[in-house]
Amino acid sequence: MSEPHYFGVRHHGPGCARSLVRAFEALRPDCVLIEGPPEGDALLPLMVHADMKPPVALLSHAPDEKGLAVYHPFAVFSPEWQAALWAVQAQVPVRFIDLPVAHSLGIEKARADAEKAEQADQAEPAAGSDAETMQAEPGKAADPVATDATEEPVTAATPTHPGDADADTPDSPATDADLDPQADAEDARGDPLTWLAQAAGYADGEAWWNHMVEERGDGEELFAAISEAMLALRSEWGERHRSPEEAQREALREAHMRQCIRAAQKEGFERIAVVCGAWHLGGLQAKATAKADQALLKGLPKVKVQSTWVPWTYRHLARASGYGAGIHAPGWYEHLWTSHQSTQPRAIGWLARVARLMRERDLDCSSAHLIEAARLADTLAALRERPAPGLEELHEASRTVLTLGDESVLHFIHDALVVGDRLGAVPPDVPMVPLQRDVEQAQKSLRLKPEATHKTLDLDLRNANDLARSHLLHRLNLLDVPWGTLARVGRSSRGTFHEVWNLQWQPEFVLRLIEASQWGQTLAQAATARVTDESARAESLGELSSLVDRVLLADLDTAVAAATRALENRAALTGDALQLLAALPPLSNVFRYGNVRQTDATLVSHVLDSLIVRAAISLPLACSAIDDDAADQLREKLLGAHAAIALRQSPEQTEQWQRALAQVAQQHQSAHELLQGVAVRLLLDDGVWSADQVGPALSLHLSAGAEPGKAAAWLDGFLNRNAVVLLHDANVWQLVDQWLSSLNEEHFVRVLPLVRRTFSAFGPSERRDLGQRASQGARTAAAPLAAPAWDETRAALPLPLLRELMGLTA
């Protein structure tokens, strides 16, 4: 029985990949065994498909367990990718030999179930005990997830690598799996490679490994050196700094890999190549019997698993993303991989790419700059006894020569080149659920290509294609696939015919689409079913009204009917003024966008009208007998509801609301003074109350006999954190001035913090204008100007054209 040839590699290491290809060409193995998920064996032939473009990942998920999944990413410079690609092209049997994902996810599910049961047992005795005991358990959050921030107990969506398929958390020590040589070490205790690095004069294991392995390509001899070093380290390191759970998991993985190697030997293969994480070399060559390994693997938990290829990004390969086997510079590693095939020195090629980026941004970068930067990089490499400049030398040369020491200019180089913005692609033949195919078809038909980079999309909703794009993005958001988010800066992101979206595709969206396929086979069906379910489970009117708004923007009539019906049922049973007021702003958006979006605003008009009436009835009572904090909270809801009712533009509903405001304004004994002031200001702004009506209210609340704290609260509400009424209404200015002047010293000291808080809400320019106004002293109100005479016939002439331009035509 022939002995296997072991190749210990670093995941996503271009030097390892280059040396591995050379070693395979020399060895010509007749069987290739790779550390990776056995569920992906059937997908390996797709690697040679013309449409397969790394980076990609094997996604293995449990269809019966939501959120239970794992990714195994590959780049073109990943040794495992190159090994499998070589075998497929050479038509040599190739297999993944790591512990099956069905078992690793089964173990995770069993562990999560046990934790839930334990938490439930601990929570039971707390029933009836004090609040402190009851709140102890909810603080136990689920494990963090790097990509989608889910709170499921099993961290399914954490991106993992072929040697760490079931990593628990993104920041777990790199030594908890196969201790890839790129492990992020903070000290010698956390990374055994640091021992070798310090012996060779390097600060850390990362720099040492890059210099000795990734920037070279020595063939099979390299792996003999790696094996000798890692066997020695493992014998000294042992299982220190590893929890019992981690040690057990690694023992299971290595036992399964040994079993797979024995099976290949029994099949009669003579030149078996085993590609694994370097730390596993000692475990795979350990003197363990087949019987012992079989006993260890017996009875493991198992779940049903499905696998497919999905696109991946360099940003998700980077360690900064939280990926347990992440690398610092995926873009630089790709350059190392491709530059060895070129006759041009890698430093020249890299600096040329830097120069192109700088010139695209109108930054000065001449040929002389590049020549001097290349010379400096070569000099630094020679001083450090390196065969060629590495990323560190090229970065220092670029900073010194190209930017004259300005580090900030190089940030875009890090994002675009060092990390990279590449998004992979998979063939259409890969297994997909119908929902994925429906989304892909919509993306193609609407010419909306998924990209890993940030992209701004400006939509004109009067255009049919842009309107369909808007519907697609809104429907995906309903399924918790936020490919696009509405912009919150610059021009308004939402208008009568205008939307601005920020787009960035994330690889984990594929898993979310797979999970969302439980709701339907098309995007419209899935979003409708999801909304119907959410409507039944919603607990507040605000949540339901917001859902109705989102569904209308997604153009889902059936879902609108379900959400509207749930909203009506909830509104009929609720008398909570805060909920009623919070429900109005989202529904009012329907009337702002309805016509241009081709949605039927009448679907929710009667619901909105009934909510306005109920809110108006409950408002006076809600403003009574409340403390300052509750009044401040109600103030925000009241202002939002007032703006929403103005958008509705219904005379009947507006009149009922204004009567409610007038009732609040006149409740001198019961309503909170802050809300009384707000009500008076809104009535004044809408022209319902004149200055003559507001004057007595000001005099009453700001009189010398008024309690200073209550007077300041009324003034805060009346000014509404807007200085315009003070600056431009002489009567209001005079009343406020007289009130402040009439306070004695004791009252002035008491009211000063409250008034200061009110005026602090004004902008700097408003405060400056107020100071100038105060310096002018008292002045009488200006006489009202006569109303100009209008020719109504001439004024009406441009109205038809204006309606057409603004999209208001029927």
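Are Phe24 and Trp86 buried or exposed? Let's start there and work through this predicted model one exercise at a time.

**Exercise 1. Work out how Phe24 and Trp86 sit relative to each other, and where each one comes from.**

Solution.
- Step 1: take the opening question. Phe24 and Trp86 are both buried.
- Step 2: check the ring geometry. The two rings are 5.3 Å apart centre to centre, with 75° between their planes. Planes over 60 degrees apart count as edge-to-face, and that is the label for Phe24 and Trp86.
- Step 3: place them in the chain. Phe24 belongs to helix α1 (residues 14-27) and Trp86 to helix α2 (residues 79-90). They are 62 residues apart, so this pair links distant parts of the chain.
- Step 4: look for company. Phe24 and Trp86 belong to one aromatic cluster together with Phe7 and Phe223.

**Exercise 2. Classify the ring pair Phe74 and Trp81.**

Solution.
- Step 1: get the numbers. The ring centres are 6.2 Å apart and the planes meet at 45°.
- Step 2: apply the cut-offs. Stacked needs planes under 30 degrees apart and edge-to-face needs over 60, with the rest called tilted. At 45°, then, Phe74 and Trp81 make a tilted pair.
- Step 3: check the surroundings. Phe74 and Trp81 are both buried.
- Step 4: put it in context. A search of the whole structure turns up 14 aromatic pairs.

**Exercise 3. Lay out the four-stranded sheet and find its edges.**

Solution.
- Step 1: write down the order. The strands run β1-β6-β2-β5, with parallel pairing, in an open sheet.
- Step 2: pick the edges. β1 (5-9) and β5 (94-96) each pair on one side only, which makes them the edge strands.
- Step 3: zoom in on one pairing. β2 (residues 31-34) and β6 (residues 272-277) are parallel and share four bridges. In this pairing, Leu33 has Val274 of β6 as its bridge partner.
- Step 4: add the twist. From one strand to the next, it averages 20°.

**Exercise 4. Decide how enclosed strand β4 is, and describe its pairing with β3.**

Solution.
- Step 1: count buried residues. In β4 (residues 69-74), six of the six residues are buried, so the strand is largely enclosed by the rest of the structure.
- Step 2: sort the side chains by direction. Ala69, Tyr71 and Pro73 point one way, while Val70, His72 and Phe74 point the other, and all are buried.
- Step 3: look at the pairing. β3 (residues 56-61) and β4 are antiparallel, with six bridges. His61 has Ala69 of β4 as its bridge partner.
- Step 4: glance just upstream. Pro54 and Pro55 are joined by a cis peptide bond, with omega at about 10°. Pro55 lies in the loop between β2 and β3.

**Exercise 5. Describe the two Asp residues with positive phi, Asp480 and Asp555.**

Solution.
- Step 1: read the angles. Asp480 has a phi of about 65° although it is not a glycine. For Asp555, phi is near 60°, again a positive value in a residue other than glycine.
- Step 2: find the loops. Asp480 is between α18 (464-478) and β9 (484-486). Asp555 is between α21 (541-553) and α22 (557-573).
- Step 3: check accessibility. Asp480, at 42% relative accessibility, counts as partly exposed. Asp555 is partly exposed as well, with a relative accessible area of 28%.

**Exercise 6. Describe where Arg386 sits and its spatial relation to Met212.**

Solution.
- Step 1: locate it. Arg386 is in the loop between α14 (367-383) and α15 (391-402).
- Step 2: test for burial. Buried means under 20%, and Arg386 has 17% relative accessibility, so it counts as buried.
- Step 3: compare sequence and space. Arg386 and Met212 are 174 residues apart in sequence, yet 9.5 Å apart in space, C-alpha to C-alpha.

**Exercise 7. Profile the second largest pocket.**

Solution.
- Step 1: start with volume. The second largest pocket has about 690 Å³.
- Step 2: find the centre. It is lined by 26 residues, and Pro311, Gly424, Ala425, Glu440 and Pro450 are the closest to its centre.
- Step 3: trace the lining back to elements. β7 (306-311), α17 (434-445) and α19 (509-516) each supply at least two lining residues. α17 gives the most, with five.
- Step 4: sort by class. The lining has 16 nonpolar, four polar and six charged residues.

Methods: Residues are numbered from 1 along each chain as its sequence is written. This is a predicted model: local features need pLDDT of at least 70, side-chain atom pairs count only at pLDDT 80 or more; totals for chains, interfaces and linings use all residues. Side-chain values use heavy atoms; hydrogens and water are left out. On a 1 Å grid over the protein atoms alone, a cavity is a set of points where a 1.4 Å probe fits but cannot get out, and a pocket is an open set with protein on both sides within 12 Å along at least five of seven lines; lining residues have an atom within 4 Å of a point. Grid points are joined across faces, edges and corners, and a volume is the space filled by probe spheres set on the points. Ala, Val, Leu, Ile, Met, Phe, Trp, Tyr, Cys and Pro count as nonpolar, Asp, Glu, Lys and Arg as charged, and the others, Gly among them, as polar. Rings of Phe, Tyr and Trp (its six-membered ring) pair if their centres lie within 6.5 Å; planes under 30 degrees apart count as stacked, over 60 as edge-to-face and the rest as tilted. Buried means under 20% relative accessible area, exposed over 50%, partly exposed in between (1.4 Å probe, protein chains only). Two strands pair if DSSP finds at least two bridges between them. Axes are lines fitted to C-alpha atoms, for helices over the stretch in contact, and angles run from 0 to 180 degrees between N-to-C directions.
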